[in-house]
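Reader: Could you take me through the salt bridges in this model, and then through the helix and pocket that go with them? I would like the cut-offs as you go.

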Amino acid sequence: MEVKLWNDKRERELLESLADLYAIIKATEKLERAYVRDLVSAADYEADCLKLISQFNSLSSSLAGVVTIPRFVQAYRLDCPAALNRLVQSGVPATVELRAATASSSAPASTAASASAIAQCVQSFITAMDAVKLNMLANDQVRPLLHDLSTSMGKLGTVLPPDFEGKVKVNEWLAKLHKMGAGDELTEQQARQLNFDLDSAYSAFMASLPTAGFEIIVHPRWEG
């Protein structure tokens, strides 16, 4: 006897999203354990972790109001403490946390940016870049994300110089968006340029942090 798991397209898409969420959490748990055991390089770990965090954030947003992460974990009996710490609590790879801590401890106490502030800036970059990649191009979608990114960079004290190119570019985009209506959308060319500017700014930001003895990588050009 055939058992139907869904009654319509909407239910099928929901089940597929839940299956993807399950897979992301399990994959992150395996990646975290592999990194702790030194079975994966720091560069490979960071690239894969950034991708999983991005996918998790996008999927969590689409499932908001349908299911919460704690209820999902309980319902499917997921024993993935490392993944939940990385995806829900931290939101950035362990390698980024380490560089953030190194930057914080090496700067003067009066001006040092906290590790959490650097981690928050990384999250703001990832969120903004993901939004553009997902074609969230309306002014009222893009502008708040760039504002959050600008605020995050502003909290970094001496880690970033006042004339840091990323700050300048983001502020230029905010000025452009300020002149647009809430529902106005970026053109294809504008979206491409914004994606390039954010990617370049993120790479420069990561390069400004101490290496802490391992290779620094830039934001991966994700496929798909």
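Author: Let's start in helix H1, which spans residues 9-36 and holds both arginine 12 and glutamate 16, four residues apart, or about one turn of the helix. Helices here are DSSP runs of H or I with at least four residues, strands are runs of E with at least two, and both are numbered from the N terminus. Arginine 12 and glutamate 16 form a salt bridge, with 3.9 Å between the closest N and O atoms. The term stands for a side-chain nitrogen of Lys or Arg within 4 Å of a carboxyl oxygen of Asp or Glu. Arginine 12 is partly exposed at a relative accessible area of 33%, and glutamate 16 is partly exposed too, at 42%. For these words, buried is under 20% relative accessible area, exposed is over 50%, and partly exposed is in between, using a 1.4 Å probe and protein chains only.

Before going on, a word on the source: this is a predicted model, where local features need pLDDT of at least 70 and side-chain atom pairs count only at pLDDT 80 or more, while totals for chains, interfaces and linings use all residues. Residues are numbered from 1 along each chain as its sequence is written, and side-chain values use heavy atoms, with hydrogens and water left out.

The structure has four salt bridges, and two of them meet at one arginine. Arginine 86 pairs with glutamate 32, their closest N and O atoms being 3.1 Å apart. Arginine 86 sits in helix H4 (residues 81-90) and glutamate 32 in helix H1, so this pair ties together parts that are 54 residues apart in sequence. Both arginine 86 and glutamate 32 are buried. The other partner is glutamate 97, whose salt bridge with arginine 86 also has its closest N and O atoms 3.1 Å apart. Because glutamate 97 lies in helix H5 (residues 94-106) and arginine 86 in helix H4, the pair ties together parts that are 11 residues apart in sequence. Glutamate 97 is partly exposed, at 32% relative accessibility, whereas arginine 86 is buried at 5%. Glu32, Arg86 and Glu97 thus belong to a network of salt bridges.

Now look at H4 itself. Its buried residues include Ala83, Arg86, Leu87 and Ser90. These residues cover an arc of only 130° around the axis, so they fall on the same side of H4; the arc is taken from the directions from the helix axis to the C-beta atoms. Exposed Pro81 and Gln89 are on the face of H4 turned away from its buried side. Just after H4, glycine 91 has a positive phi of about 85°.

H4 also takes part in the largest pocket, which holds about 360 Å³ of space. Of its 18 lining residues, the closest to the centre are Phe56, Asn57, Ser58, Ser61 and Thr127. Helix H2 (42-62), H4 and helix H6 (115-133) each give two or more residues to the lining, and H2 gives the most, with six. By class, the lining has 10 nonpolar, seven polar and one charged residues.

Finally, lysine 133 is found in helix H6 and is partly exposed, at 35% relative accessibility. The C-alpha atoms of lysine 133 and asparagine 195 are separated by 7.6 Å, although these residues are 62 residues apart along the chain.

Terms used
On a 1 Å grid over the protein atoms alone, a cavity is a set of points where a 1.4 Å probe fits but cannot get out, and a pocket is an open set with protein on both sides within 12 Å along at least five of seven lines; lining residues have an atom within 4 Å of a point. Grid points are joined across faces, edges and corners, and a volume is the space filled by probe spheres set on the points. Ala, Val, Leu, Ile, Met, Phe, Trp, Tyr, Cys and Pro count as nonpolar, Asp, Glu, Lys and Arg as charged, and the others, Gly among them, as polar.
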